[in-house]
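Colleague: Please walk me through this model, starting with a loop residue of your choice.

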Amino acid sequence: MVRLECVPNISEGRRRDVIDACVEAASTPGVRVLDESSDPDHNRTVLTLLGEGDDLVRAVTALAAAAVECIDVAEHSGVHPFLGALDVAPFVPLEAGQMPAAVDAARRAADELAALGLPVFLYGEAASNAGRAALADHRRGGLAQLAERMASGDWPPDSGPNRLHSTAGAVCVGARPPLVAFNLLLDTDQLAAAKRIASALRESGGGLPDVRALGFFLESRGQAQVSVNLTDCDRTSLLEVVHRADELAAAACVRIVETELVGLAPRRVLPPGGAEVLRLPGLSEWQILESHL
């Protein structure tokens, strides 16, 4: 069997008891929980799981059942876009040639989650067609608009009922290459500055290839943040993103004071002297994926 990574995100980053219940649910036989990153402003927790395909499918199903029981999206508030209690569950190959195994695991997980009454949308390499591959297209307009798109027949789920779960919303399940998720913290509370930087930084705004970025205000810190996903570190390096963000921040008369790594990152994406040059304080060896393999 092929060992894979899975990075499920749940829409809860504040209630410790709920987070612990979900982590415990995901800790099924054959699966290791490598990391848990929670954020109260995003109100989101990112888990990193490691295991063989069958074991990961069982773990994600158990995690989804716990999230459905504990999280009501009607009561959810947070700056990060979301569609469901278990919001996304991407399966990630660890080595070249393993993407078919990740796609197979994602599609089998989709069927299991559908059996829980969740509408499931496949994305990435697991998508039913190229026009549905982008995660952003599933999230477009948020949960209310997704319900309308489903009802009209414009955007039916790939598995499960053609309606939102009454409390848990919907879930996106995918297969994708490794990505790096990290945050840039600014020395300002101005959301407009973070949004301008994010807009110019991301690929869709004419910025760097394979970069997705959003600007947020973190109420708990009184600070603006640019949240970044780097989807292909071979085309654009982490250091290039930070250098370009520095330029954009200077143009907006603000500074990036530090960065944060969300979850784990492959060792190869970190430049020499990574913690210092990336302004990534407290970078731990346990934030490097290979340290767990």
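Modeller: I would start with Asp210, which lies in the loop between H6 and S9; the helices (DSSP runs of H or I, at least four residues) and strands (DSSP runs of E, at least two) are numbered from the N terminus. Before going further, please keep in mind that this is a predicted model, in which local features need pLDDT of at least 70 and side-chain atom pairs count only at pLDDT 80 or more, while totals for chains, interfaces and linings use all residues. Residues are numbered from 1 along each chain as its sequence is written, and side-chain values use heavy atoms, with hydrogens and water left out.

Colleague: Okay, and what is the phi of Asp210?

Modeller: Phi of Asp210 is near 65°, a positive value in a residue other than glycine. As background, most residues other than glycine have a negative phi.

Colleague: Is Asp210 buried or exposed?

Modeller: Asp210 is buried, with a relative accessible area of 14%, where buried means under 20%, exposed over 50% and partly exposed in between, with a 1.4 Å probe and protein chains only.

Colleague: Which other residue that is not a glycine has a positive phi?

Modeller: Asn43 has one, of about 50°, and it lies in the loop between S3 and S4. Asn43 is buried too, at a relative accessible area of 5%.

Colleague: Back to H6: which of its residues are buried?

Modeller: In H6, which covers residues 191-201, the buried residues are Ala193, Ala194, Ile197, Ala198 and Leu201. Seen down the helix axis, they fall within an arc of 130° and therefore line one face of H6; the arc is that of the directions from the axis to the C-beta atoms.

Colleague: And what do the buried residues of H6 pack against?

Modeller: They pack against strands S8 (180-186), S9 (211-218) and S10 (223-230), and also against helix H7 (238-251), with contact meaning heavy atoms within 4.5 Å.

Colleague: Switching to H1, which residues are buried there?

Modeller: Within H1 (residues 16-26), Val18, Ile19, Cys22, Val23, Ala25 and Ala26 are buried. Viewed down the axis of H1, these fall within an arc of 160°, so they line one face of the helix. The face turned away from that buried side carries the exposed residues Asp17 and Glu24, whereas the buried residues pack against strands S2 (9-10), S3 (32-39) and S4 (44-52), and against H2.

Colleague: Cys22 caught my eye; how many disulfides does the structure hold?

Modeller: The structure holds zero disulfides, a disulfide being a pair of cysteine sulfur atoms within 2.5 Å. For Cys22, the closest cysteine sulfur is that of Cys70, at 5.4 Å, which is too far for a bond. Cys22 is buried at 0% relative accessibility, whereas Cys253 is exposed, with a relative accessible area of 71%.

Colleague: New topic: how do the axes of H2 and H3 cross?

Modeller: The axes of H2 (residues 53-70) and H3 (residues 99-114) come within 9 Å and cross at roughly 35°; axes here are lines fitted to C-alpha atoms, for helices over the stretch in contact, with angles running from 0 to 180 degrees between N-to-C directions. The contact is made by Gly53, Asp54, Val57, Val60, Thr61 and Ala64 of H2 together with Ala105, Arg108, Ala109, Glu112 and Leu113 of H3.

Colleague: What about Leu86, where does it sit?

Modeller: Leu86 is in strand S5 (residues 86-93) and is buried at 3% relative accessibility. Setting aside neighbours within four places in sequence, Leu86 is in contact with a list of residues that includes Val60, Leu63, Ala64, Leu113 and Val171.

Colleague: And Val171, which strand is that in?

Modeller: Val171 lies in strand S7 (residues 171-175) and is buried, at 0% relative accessibility. Beyond neighbours within four places in sequence, its contacts include Leu86, Asp87, Leu113 and Leu118. The C-alpha atoms of Val171 and Phe82 are separated by 9.1 Å, although the two residues are 89 residues apart along the chain.

Colleague: Last one, where is Gln287?

Modeller: Gln287 lies in the segment after helix H8 (274-277), and at 19% relative accessibility it counts as buried. Apart from neighbours within four places in sequence, Gln287 is in contact with Leu261, Gly263, Leu264, Ala265 and Gly282.
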